[in-house]
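Dear colleague,

I am passing a structure on to you for your files. The sequence and the coordinates come first, and my findings follow below.

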Amino acid sequence: MSKVLLFFTSTELIRVPADAVVFVTADGNYSAITMADGSDYVLTLQLGQIEKRISEMVHNGDNRFIRIGKSLIINREFITFVNPSRQKLTLSDGRSFRHEVSASREALKALKELIEKGG
């Protein structure tokens, strides 16, 4: 059974399977969670708060979520393409969805090196 992530504010609650979260993006005081089924959830939480909640809910050794730069958290299970020079990152399950997101060259270079080292 998949680990469930629970996010809540004074007015909102979202409960989702961790393995269905593709990425989380930040926009000021809001964060948008993009799911594998194509749905999006916008929460009135900053990305740092989301990152903290994820680390509290997943087990030690579960490093599937990676913070990329200031405005993006990704699920490493869906990484299919990284190109630091073009600032492109593609997240896909290889079947039903494909998302292209952008991040800084430095962040993507660090991500590429992490993956190459087997991390």
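Read from the N terminus, the elements of the protein chain are arranged β-β-β-β-β-α-β-β-β-β-β-α. That gives two helices and 10 strands. Please bear in mind throughout that this is a predicted model.

Overall form

The radius of gyration of the protein chain is 14 Å, which agrees with the value near 14 Å that a compact globule of 119 residues would have. Along the principal axes, the C-alpha trace spans about 40 × 35 × 30 Å. Buried residues account for 40% of the 119 residues. The accessible surface amounts to about 7,100 Å², and carbon and sulfur atoms contribute 48% of it. If one takes the contacts between residues at least 6 apart in sequence, 39% of them join residues at least 24 apart. As for charge, the chain carries 16 positive and 14 negative charges, and the mean positions of the two sets are 4 Å apart.

Strand β9 and its two partners

I looked at strand β9 in some detail. This strand covers residues 88-92, and four of its five residues are buried, so β9 is largely enclosed by the rest of the structure. A residue is called buried here when its relative accessible area is under 20%.

On one side, β9 pairs with strand β8 (residues 79-83); the two run antiparallel and are joined by four bridges. Within this pairing, Leu91 of β9 is the bridge partner of Ile79. The hairpin of β8 and β9 has four residues between the strands, and Gln87 takes a positive phi there.

β9 also pairs with strand β10 (residues 98-102), again in an antiparallel arrangement, through five bridges. Here Leu89 has Val101 of β10 as its bridge partner. Five residues lie between the strands in the hairpin of β9 and β10, where Gly94 takes a positive phi near 80°.

Three residues of interest

Which residue other than glycine has a positive phi near 60°? That residue is Gln87, whose phi is near 60°. Most residues other than glycine have a negative phi. Gln87 sits in the loop between β8 and β9 and is partly exposed, with a relative accessible area of 28%.

Gln87 is also one of the contacts of Ala103, a list that further includes Ile68, Leu72 and Leu108 once neighbours within four places in sequence are set aside. Ala103 itself belongs to the loop between β10 and α2 (105-116). Is Ala103 buried or exposed? With a relative accessible area of 12%, Ala103 is buried, because the limit for that class is under 20%. From Ala103 to Tyr30 the separation is 73 residues in sequence and 18 Å in space, C-alpha to C-alpha.

Val82, finally, is placed in strand β8. Beyond residues up to four places away in sequence, Val82 touches Lys88, Leu89, Leu108, Leu111 and Lys112. Val82 and Leu108 are 26 residues apart along the chain, and their C-alpha atoms are separated by 6.8 Å. Leu108 is thus named among the contacts of Val82 and also among those of Ala103.

With kind regards

Methods: Residues are numbered from 1 along each chain as its sequence is written. This is a predicted model: local features need pLDDT of at least 70, side-chain atom pairs count only at pLDDT 80 or more; totals for chains, interfaces and linings use all residues. Side-chain values use heavy atoms; hydrogens and water are left out. Buried means under 20% relative accessible area, exposed over 50%, partly exposed in between (1.4 Å probe, protein chains only). Two strands pair if DSSP finds at least two bridges between them. The radius of gyration is taken over C-alpha atoms; the globule rule is 2.2 Å times the number of residues to the power 0.38. Contact means heavy atoms within 4.5 Å. Accessible areas come from the Shrake-Rupley method with a 1.4 Å probe; for residues, only the protein chains shown count as cover. Lys and Arg count as positive and Asp and Glu as negative; His and the chain ends are not counted. The place of a charge is taken as NZ of Lys, CZ of Arg, CG of Asp or CD of Glu.
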